Amino acid sequence: MRASSGLLGRDLIARALIILVMVVALLFVLFPVYWMVITSLKLPREIFRVPSLWPQVFTAANYRILIEDKEFLVAIRNSFIVASSVTLISLVVASLAAYSMVRFRYRFKGLIGRLILFAYLTPTSLLFIPLSILIARLQLGNTLHGLIFVYLTFSLPVSTWMLQAYFAAVPRELEEQGMIDGLSRLGALFRIVLPLSAPGLAAVAIFTFTGAWNELLLALVLIHLRVAPHGAACPQLPHHERCLAVGPAHGRRSPILCPADDPLLRGAALYRAGHHAGSVKG
Amino acid sequence: LSAEAQQQLFAYALVLPVVLLLAGLVAYPLVYAVYVSFTNLVVGGTGQWIGFANFRYLAGSPVFASAIWNTIVLVVISDVFKLAIGLGLALLVSQKIPARGLFRSFLMLPWAMPAFVAFLTWRVLYQPIGGGFNLVLTKTGIYPEIVDWLGQRSTAMPAVIAASVWRGFPFWFISILAALQNIPTELYEAARMDGANAWQRFRAVTWPGIKRVVIITTLLSSIWTANSFESVWLLTQGGPSDATMVFPVWPISACRRSALGRLPLSLLPCSPPCSFWSSSPRRSCRATRTSRMER
């Protein structure tokens with residue numbers, strides 16, 4: 001009797017401890033997010049003069065100012081142009097390369113694989129000075145084209161590596177059958193391998209898009225305010241201290257959060273889906 | 001042309017675009033950076049060969065020395081915290097706990113957020129006027145005075161580390177959790193039968209099961225933290241008076257007032273992990289692939 005009630009007591013304490021740890025962890029993780037959201041809903045005077053954990057007056061004014069702000073909209077549009085172009089280009093170029101590396105045997109394959117990996121692991125902070133000189137020489141400084149170009153430095157290696165895994169999961173026999181039916185090699189790639197790797201392609205696309213959308217360092221160095229993707233728009237304002245010091249600018253952050261946030265999570269889901277697709281081997 | 005040779009040509013033709021683009025956009029700039037480090041090139045000027053003068057300058061530069069030290073401190077301390085928090089929470093989530101799925105998704109939130117959003121948010125939290133932390137500390141009476149977290153030398157680095165841990169621990173958490181879920185439960189049952197206590201079970205079953213993942217995560221996380229530009233740039237820009245100056249931030253903060261040759265050179269210490277990793281492409285490719293996905 002006593003032993004069992006003692007055990008029950010220990011169980012209760014253990015449960016209470018677990019819940020306590022969970023609460024502390026959630027506070028640590030969620031407080032910054034909460035603060036960001038709540039500040040974006042406050043009036044400027046409330047943000048600084050009487051800071052509080054709960055706004056006295058809720059306002060959507062910050063968001064309205066943001067949406068009416070031409071520069072913000074231009075930044076969002078530029079981000080969109082850059083990120084989707086980078087995604088498109090690297091998907092096409094990387095699928096060709098990944099297909100070649102998965103399906104064929106040739107002499108410099110190992111070397112090329114290493115080069116791609118090395119490129120991926122080379123820090124952007126090491127590259128940005130020579131890259132900015134290169135871009136300036138090509139007369140692409142302060143243009144979206146230049147930015148698209150340099151973003152390939154990180155998007156190409158990752159896409160190639162990731163696509164290799166997806167392509168390798170497509171059974172070779174399917175392709176051979178297709179070629180017996182009269183498809184060329186490229187035809188086999190476009191008609192058989194790519195459609196079968198669709199979830200993988202989507203995952204890579206979302207991943208690349210997010211990476212380009214969030215990039216800051218290169219955009220900061222290569223682009224001046226007028227065409228900056230939104231990642232660079234805020235910290236690059238001439239008095240960017242003030243960017244944080246006014247309500248509207250602070251509200252800036254929440255809407256940015258959403259578009260980049262969702263695809264990533266969805267991408268993770270697709271990644272899992274991709275795994276399943278690959279595992280159904282004839 | 002034989003069919004075999006034709007196929008070879010075709011294979012090369014397919015990889016060629018990637019090789020050319022990476023040669024032009026990564027290899028060439030890298031070599032150029034090394035060349036520039038031997039010249040006195042400045043923005044808008046033409047450089048002259050000056051031998052090792054830049055290297056000598058850096059060796060004697062106190063900012064460079066503190067950048068080395070700060071980068072090491074940032075990487076080591078934040079990795080230790082990320083490991084502790086990530087491992088602890090992964091162990092917790094692998095137990096039977098209430099609302100597990102929801103809890104897990106909430107924990108991933110910092111990682112799912114774009115870096116610049118995360119660090120700008122932390123910057124607002126640290127503000128002396130209207131900042132969230134000061135509000136909580138003064139309201140609850142834990143610490144009655146207003147602290148300028150990012151503005152004084154003593155607290156700037158811990159503040160940067162805290163933000164970096166917040167943003168980075170979910171990756172550790174999810175990697176370790178995945179490894180934990182691959183450990184067969186029979187092993188735990190067997191250990192329990194043999195009378196192993198919780199600590200012994202951890203040492204004999206859990207740790208061997210997650211060791212590899214912890215090592216790979218440590219390597220990746222160290223590379224990312226050492227090269228992460230956003231965290232320090234958005235929080236302190238390396239200040240106050242270089243207290244948080246790290247490698248990736250130094251060149252851009254010095255960009256306009258220094259000879260270019262000194263800048264890329266300063267970052268060469270960041271690259272050894274690259275060469276180390278490229279020497280084992282197989283293992284690292286798998287690791288990078290999975291981990292980039294988690295991101």
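Is W122(B) buried or exposed? In this predicted model, W122(B) has a relative accessible area of 3% and is therefore classed as buried, the cut-off being under 20%. The surroundings of this residue are described below, after an outline of chain B.

Chain B contains 14 helices and 0 strands. Along its sequence the pattern is accordingly written α-α-α-α-α-α-α-α-α-α-α-α-α-α. Of the 295 residues in chain B, 53% are buried. When contacts in chain B between residues at least 6 apart in sequence are considered, 64% of them join residues at least 24 apart. The accessible surface of chain B amounts to about 13500 Å², and carbon and sulfur atoms account for 64% of that surface.

Over all chains, 19 aromatic pairs are found in the structure. One of these is formed by W122(B) and W166(B), whose rings are tilted, with 5.6 Å centre to centre and 55° between the planes. The two residues belong to distant parts of the chain: W122(B) lies in helix α5 (residues 115-126) of chain B and W166(B) in helix α7 (residues 153-181) of chain B, with these positions 44 residues apart in sequence. W166(B) is also classed as buried, because its relative accessibility is 1% and the limit is under 20%.

A tilted aromatic pair is likewise formed by Y126(B) and W149(B), with 6.4 Å centre to centre and 45° between the planes. Y126(B) is in helix α5 of chain B, whereas W149(B) is in the loop between α6 (132-140) and α7 of chain B, so this pair ties together parts that lie 23 residues apart in sequence. Y126(B) has a relative accessible area of 4% and is buried. These four residues are members of one aromatic cluster, which consists of F31(A), W35(A), W122(B), Y126(B), F133(B), W149(B) and W166(B). The cluster thus contains residues of chain A and of chain B. Elsewhere in chain B, the ring of W111(B) has the charged end of R167(B) over it, at 5.4 Å from the ring centre.

In soluble globular proteins, nonpolar side chains tend to be buried together. In the present model, the largest nonpolar core comprises 146 residues, and the members touching the most others are Y151(A), F103(B), L107(B) and F173(B). Helix α7(B) supplies the largest share of this core, namely 16 residues. With residues up to four places away in sequence left out, Y151(A) touches V82(A), V86(A), A212(A), E215(A), L218(A) and A219(A).

V86(A) is also a contact of S155(A), together with S90(A) and T208(A), when neighbours within four places in sequence are set aside. S155(A) is located in helix α7 (residues 144-168) of chain A. The relative accessible area of S155(A) is 3%, which means that the residue counts as buried. The side chains of S155(A) and S90(A) are joined by a polar contact of 3.5 Å.

A further position in chain A is E176(A), which is part of helix α8 (residues 172-180). With a relative accessible area of 40%, E176(A) is partly exposed, because the value falls between the limits of 20% and 50%. E176(A) and A188(A) are 12 residues apart along the chain, and 8.3 Å separates their C-alpha atoms.

Methods
Residues are numbered from 1 along each chain as its sequence is written. Chains are lettered from A and ligands numbered from 1 in the order in which they are written. This is a predicted model: local features need pLDDT of at least 70, side-chain atom pairs count only at pLDDT 80 or more; totals for chains, interfaces and linings use all residues. Side-chain values use heavy atoms; hydrogens and water are left out. Helices (H or I, at least four residues) and strands (E, at least two) are DSSP runs, numbered from the N terminus. Buried means under 20% relative accessible area, exposed over 50%, partly exposed in between (1.4 Å probe, protein chains only). A polar contact is a pair of N or O atoms within 3.5 Å; within protein, one must be able to donate a hydrogen and the other to accept it, and residues adjacent in sequence count only if both atoms are side-chain atoms. Contact means heavy atoms within 4.5 Å. Rings of Phe, Tyr and Trp (its six-membered ring) pair if their centres lie within 6.5 Å; planes under 30 degrees apart count as stacked, over 60 as edge-to-face and the rest as tilted. A charge sits over a ring if NZ of Lys or CZ of Arg is within 6 Å of the ring centre and within 35 degrees of the ring normal. Accessible areas come from the Shrake-Rupley method with a 1.4 Å probe; for residues, only the protein chains shown count as cover. A nonpolar core is a set of buried Ala, Val, Leu, Ile, Met, Phe, Trp, Tyr and Cys residues joined through side-chain atoms within 4.5 Å.
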